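User: I'd like to learn how to read single residues and ring pairs in a model. Can we walk through some cases together?

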Amino acid sequence: MIRLIALPMMIFLAGCSQVGPAEAADNAPPANIPIAGFTLTSPELTEGGVLPAALKCTRDGGEGITPPLKWGYIPPGTKSLALMMYHYPRGTSEGIDAPSQYWLLWNFPPETRSLPRGNPESIGDEGADKDEKRTGYTPPCSPPGSQHEYTITLYALNASLDTLPARDDPDVDWSAMKTAMKGKIVGSSSISFLN
């Protein structure tokens with residue numbers, strides 16, 4: 001009789017323990033799939049370096065525009081490119097909490113090899129800014145006296161993100177874009193910096 005009571009309880013507890021990791025996976029950045037030669041770089045950002053003064057937000061004396069980005073080789077099978085810039089605010093954790101989004105960009109052509117400073121040609125379709133009020137880029141603007149890490153990840157995709165609008169849309173947030181990329185990532189490359 002004790003065994004019959006204990007067994008269902010163990011099954012119930014095992015089922016409960018699986019909820020945490022599944023929820024955590026929902027908030028993790030899309031899978032990082034490094035491909036030799038597919039490397040995101042910037043003439044103005046260095047991995048782990050500090051954001052240059054000219055690229056800071058206008059409050060801090062910068063221009064508040066997107067950094068220039070470059071990459072060379074594109075993985076075979078790439079049909080579209082996408083990009084996400086994000087940061088985990090203090091008190092949040094990767095894989096547990098959703099990050100703050102700073103730039104969501106999708107459906108730009110696979111022959112693209114760079115995004116110029118400020119993205120003057122408006123390459124790609126853009127999602128919601130950090131405050132989810134407009135579309136486009138939000139420049140990092142960390143509180144005075146603190147320093148945060150920001151990550152930009154470029155994704156090579158095996159299809160366009162046809163579940164997202166083929167235009168800029170403030171309703172596309174981190175979660176919507178992440179969901180749209182599921183099963184389509186051929187490779188990815190990231191660069192992180194501090195501000």
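**Reading residues and rings**

Analyst: Sure, let's start with Glu-94, which sits in the loop between strand E2 (80-87) and E3. Keep in mind that this is a predicted model.

User: Is Glu-94 buried or exposed?

Analyst: The cut-off for exposed is over 50% relative accessible area. Glu-94 comes out at 55%, so it counts as exposed.

User: Which residues does Glu-94 touch, leaving out those up to four places away in sequence?

Analyst: Pro-29 and Tyr-88. Sequence distance and spatial distance are separate things to check here: Glu-94 and Pro-29 are 65 residues apart in sequence, with their C-alpha atoms 7.6 Å apart in space.

User: Now a threonine. Where is Thr-66?

Analyst: Thr-66 is in the loop between helix H2 (19-27) and strand E1 (69-70). Buried means under 20% relative accessible area, and Thr-66, at 4%, counts as buried.

User: What does the side chain of Thr-66 reach at 3.3 Å?

Analyst: That's the backbone nitrogen of Asn-119. A polar atom of the Thr-66 side chain also lies 2.9 Å from the backbone nitrogen of Gly-118. Both of those residues turn up again in the contacts of Thr-66, which also include Leu-55, Trp-103 and Tyr-137.

User: And how does Thr-112 look by the same reading?

Analyst: Thr-112 is in the loop between strand E3 (100-108) and strand E4 (114-115). It has 11% relative accessibility, so Thr-112 counts as buried. Its side chain has a polar atom 2.8 Å from the backbone oxygen of Pro-109. Beyond its neighbours within four places in sequence, Thr-112 contacts Trp-71, Ile-74 and Leu-81.

User: What describes a pair of aromatic rings?

Analyst: You look at the distance of the centres and the angle of the planes. Searching the whole structure gives six aromatic pairs. One of them is Tyr-150 with Phe-193, at 5.7 Å centre to centre and 15° between the planes. Planes under 30 degrees apart count as stacked, and this pair is stacked.

User: Which parts does that pair tie together?

Analyst: Tyr-150 lies in strand E6 (residues 149-157) and Phe-193 in strand E7 (residues 185-194), so the pair ties together parts that are 43 residues apart in sequence. Tyr-150 is buried at 1% relative accessible area, and Phe-193 counts as buried at 0%.

User: Which residues do ring pairs link into a cluster?

Analyst: Tyr-86, Tyr-88 and Trp-174. You've met Tyr-88 already, as a contact of Glu-94.

Key:
Residues numbered from 1 in each chain as written. Predicted model: local features only at pLDDT ≥ 70, side-chain atom pairs only at ≥ 80, totals over all residues. Heavy atoms only, no water. Helix = DSSP H or I, 4+ residues; strand = E, 2+ residues; numbered from the N terminus. Buried < 20%, exposed > 50% of the residue type's maximum accessible area, 1.4 Å probe, protein only. Polar contact = N/O pair within 3.5 Å; in protein donor to acceptor, adjacent residues only side chain to side chain. Contact = heavy atoms within 4.5 Å. Phe/Tyr/Trp six-rings, centres within 6.5 Å; stacked < 30°, edge-to-face > 60°.
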